[in-house]
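Reader: I would like to learn how to read the features of a structure like this one. Could you walk me through them?

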Amino acid sequence: MKRKLNSNEVIDALTDLFILRGPPAYIRSDNGPEFVAEAVRKWIKAVGAQTAYIEPGSPWENGYRESFNGRTRDELLNGEIFYSLREAQIIIESWRRHYNTKRSHSALGYRPPAPETIIAMDQRPTMH
């Protein structure tokens, strides 16, 4: 699995999406090199769309994502060194499960968004 796309790969992926769904009025992205590349900007203009860049460090542009990204960085990525892609996948999945099922969220009254449910062995439904 690749971690980065170059400008040609971005154009290929967007072409496939536009064929399926039609071109959007705007393409919103960060200012990563693959989206500010001249080839991508020319292609976007040629298909009739416009760009809407998210300014770096602007959490008000997408507050939920920026908040999650900040927590992921602070609570997970800054404290780990991954020695393989597989190790990263396992550790990140474990953190994601904890974040979604155990960690309290202030916006939810300090409850987890999707708490795990534990059913006692003697209370489980039986299949007949």
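Author: Gladly; we will go from the overall layout to strands, helices, the core and two single residues. This is a predicted model, in which local features need pLDDT of at least 70 and side-chain atom pairs count only at pLDDT 80 or more, while totals for chains, interfaces and linings use all residues. Residues are numbered from 1 along each chain as its sequence is written, and side-chain values use heavy atoms, with hydrogens and water left out.

Reader: How many helices and strands does the protein have?

Author: Helices (H or I, at least four residues) and strands (E, at least two) are DSSP runs, numbered from the N terminus. Here there are 5 helices and 2 strands, and their order from the N terminus is α-β-α-α-β-α-α.

Reader: What share of the residues counts as buried?

Author: Buried means under 20% relative accessible area, exposed over 50%, and partly exposed in between (1.4 Å probe, protein chains only). By that rule, 21% of the 128 residues are buried.

Reader: Now the strands. Which side chains of β1 point to which face?

Author: In a regular strand the side chains alternate between the two faces of the sheet. Strand β1 (residues 26-29) shows this: Ile-27 and Ser-29 point to one face and are buried, whereas Tyr-26 and Arg-28 point to the other and are not.

Reader: How many bridges join β1 to β2?

Author: Two strands pair if DSSP finds at least two bridges between them. Strand β2 (residues 50-53) runs parallel to β1 and is joined to it by 4 bridges; the β2 partner of Tyr-26 is Gln-50. Ala-52 also belongs to β2. Leaving aside residues up to four places away in sequence, Ala-52 touches Tyr-26, Ile-27, Arg-28 and Ser-29, where contact means heavy atoms within 4.5 Å. From Ala-52 to Ile-27 is 25 residues in sequence and 5.9 Å in space, C-alpha to C-alpha.

Reader: Which residues of α3 are buried?

Author: In helix α3 (residues 38-46) they are Val-40, Trp-43 and Ile-44. These cover an arc of only 100° around the axis, so they sit on the same side of α3; the arc is that of the directions from the helix axis to the C-beta atoms. On the other side of α3, Lys-42, Lys-45 and Ala-46 are exposed. Just after the helix, Gly-48 has a positive phi of about 90°.

Reader: Which residues make up the largest nonpolar core?

Author: In soluble globular proteins, nonpolar side chains tend to be buried together. A nonpolar core is a set of buried Ala, Val, Leu, Ile, Met, Phe, Trp, Tyr and Cys residues joined through side-chain atoms within 4.5 Å. The largest one here has 10 residues: Val-10, Ile-11, Leu-14, Phe-18, Ile-27, Ala-37, Val-40, Trp-43, Ile-44 and Ala-49. The elements giving two or more residues to this core are α1 (7-21) and α3, and α1 gives the most, with 4 residues.

Reader: Why does the span of α5 agree with expectation?

Author: The expected span of a helix is 1.5 Å times one less than its number of residues. Helix α5 (residues 85-101) has 17 residues and should therefore span 24 Å, and its end C-alpha atoms are indeed 24 Å apart.

Reader: And within α5, why does Trp-95 count as buried?

Author: Trp-95 counts as buried because its relative accessibility is 13%. Not counting residues up to four places away in sequence, Trp-95 touches Phe-68, Arg-71, Thr-72, Glu-75 and Leu-76. Ala-88, also in α5, is buried at 10% relative accessibility.
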